[in-house]
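The following exercises concern salt bridges and the exposure of the residues that form them. Please consult the sequence and the model while working through each solution.

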Amino acid sequence: DTAGLLAYDQVTGSLYGYGYYGAGGLAGNNTGEILGGFFSGSVYEGHLIYIGGLVGANQASGLIRNSSSAGSIPNGYQAGGLAGENEGDILDSSSSIMIGSGYPRYIGGLVGGLLGNISRSYASGTISSPASSYAGGFIGATSDAGGKITDVYAVGFVNSANGLVGEYAGDRGGIYSGAYWDTDTSGTNYSYQGKPESDTAMKGS
């Protein structure tokens, strides 16, 4: 777990998580600040709740900025390319992690479940999930207590998933501004939130 400042840590390899809470390439649980963190490799779950490429869960006091992840999460109950659960803040970060899940739960290209805020971030990994999952190219699911999601986008291919957001509770499940997904690279025109854009429009041509 991290509680203070974790700056510019870079980790490569495979992580096998066991227990009942969370696992991530840098930390299972973050209550402090992760600055410039990077993980490349595979994170394997072992009956854990939260699985993330960088952290399992980013708590309400947690901040992740200028960080990224790459590789794969072969399976996960609630999984995200950067964080399985985000209740804090994520800024200027990205993930290209490929996520595959056999569980009908929350799967997202950047975060699996969202109650916090995300700004100036993107996801480009492939998402594969059962049709019964809440899965999205950027966020698996947001709660009605979800915060602000601004200047974000998803460009990864999604299989049995939504372009940007898989599901939300209540009326909005957060406040979205400047949130897009690429309909060409994702292979879908549907999402619970966000704005669809062609690949040409996403590249500004």
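**Exercise 1.** Which side chain meets that of D199 in a salt bridge?

*Solution.* The model is a predicted one. Step one: the partner of D199 is K203, and the N to O distance is 3.1 Å. Step two: this distance is tested against the cut-off, which requires a Lys or Arg side-chain nitrogen within 4 Å of a carboxyl oxygen of Asp or Glu. Step three: K203 has a relative accessibility of 64% and counts as exposed, because exposed means over 50%.

**Exercise 2.** Determine where the partners D92 and R120 lie, and classify their exposure.

*Solution.* Step one: a salt bridge joins the side chains of D92 and R120, at 2.7 Å from N to O. Step two: D92 is found in the loop between strand 13 (89-91) and strand 14 (94-95), whereas R120 belongs to strand 18 (residues 117-123), so the bridge ties together parts 28 residues apart in sequence. Step three: partly exposed covers the range between under 20% and over 50%. D92, at 30% relative accessibility, is partly exposed, and R120, at 45%, is likewise partly exposed.

**Exercise 3.** Which strands does the salt bridge between R65 and E33 link?

*Solution.* Step one: the side chains of R65 and E33 form a salt bridge of 2.6 Å, N to O. Step two: R65 lies in strand 9 (residues 63-65) and E33 in strand 5 (residues 33-35); the pair links distant parts of the chain, 32 residues apart. Step three: R65 has a relative accessible area of 29% and is partly exposed.

**Exercise 4.** How many salt bridges does a search of the whole structure find?

*Solution.* The search finds four salt bridges.

Conventions: Residues numbered from 1 in each chain as written. Predicted model: local features only at pLDDT ≥ 70, side-chain atom pairs only at ≥ 80, totals over all residues. Heavy atoms only, no water. Helix = DSSP H or I, 4+ residues; strand = E, 2+ residues; numbered from the N terminus. Buried < 20%, exposed > 50% of the residue type's maximum accessible area, 1.4 Å probe, protein only.
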